[in-house]
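Colleague: Could you walk me through the charged pairs in this one? I'm new to this, so take it slowly.

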Amino acid sequence: MSAILEIACCNLQSCENAQMGGAQRIELFENSLEGGCTPSYGTILEAKRRFQLPIYVMIRPRGGNFQYSAAEFEIMQRDIESCKQLQVDGIVFGILNSNQRIDIERCRELLNLWSGKAT
């Protein structure tokens with residue numbers, strides 16, 4: 001299996017730079033000072049419209065740790081629904097439980113929600 005050059009991009013200019021520089025995939029996010037958050041609907045829409053590269057969207061409601069409240073988890077689910085509507089190529093996320101271990105149950109829920117994406 002060959003490696004894929006994925007470039008993390010925090011705005012449309014960085015997406016353009018990644019495409020011109022030979023990236024094969026974009027991980028799109030915003031708020032780099034907080035470690036990255038889900039980009040706006042408009043940013044995702046414009047990135048899909050302007051760039052030919054596969055776009056993977058970060059699903060993260062806020063910066064900081066990766067332990068999310070029930071309300072934040074709901075936001076993550078709504079953001080995945082938006083990404084499905086916009087027909088992004090993939091999503092990236094992470095959730096930890098209170099023991100700082102991967103929250104397998106909630107990760108599985110998000111993956112199941114994503115797996116029903118429109119093709």
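**Salt bridges, pair by pair**

Modeller: Sure, and keep in mind that the model is predicted. Let's start with R25 and E6, which form a salt bridge whose closest N and O atoms are 2.7 Å apart. This pair links distant parts of the chain, with R25 in strand β2 and E6 in strand β1, 19 residues apart.

Colleague: Is E6 buried, partly exposed or exposed?

Modeller: Buried would need a value under 20%, and exposed one over 50%. E6 has 27% relative accessibility, so E6 counts as partly exposed.

Colleague: What separates R49 and E46 along helix α2?

Modeller: These two form a salt bridge, with 2.8 Å between the closest N and O atoms. Both sit in helix α2 (residues 41–50), and because they are three residues apart there, the separation is about one helical turn.

Colleague: Which residue of the E72 and R62 salt bridge counts as buried?

Modeller: In that bridge the closest N and O atoms are 2.5 Å apart. E72 belongs to helix α3, while R62 lies in the loop between β3 and α3, ten residues away. R62 is partly exposed because its relative accessibility is 23%. The other partner comes in at 17%, below the 20% cut-off, so the buried one is E72.

Colleague: Which residues are joined into one network by salt bridges that share partners?

Modeller: We've already met two of them, R49 and E46, as a bridged pair. Shared partners bring R50 in as well, and the network is E46, R49 and R50.

Colleague: And how many salt bridges does the structure hold?

Modeller: The pairs we went through include R25 with E6 and E72 with R62. For the whole structure, the count is eight.

Conventions: Residues numbered from 1 in each chain as written. Predicted model: local features only at pLDDT ≥ 70, side-chain atom pairs only at ≥ 80, totals over all residues. Heavy atoms only, no water. Salt bridge = Lys/Arg side-chain N within 4 Å of Asp/Glu carboxyl O. Helix = DSSP H or I, 4+ residues; strand = E, 2+ residues; numbered from the N terminus. Buried < 20%, exposed > 50% of the residue type's maximum accessible area, 1.4 Å probe, protein only.
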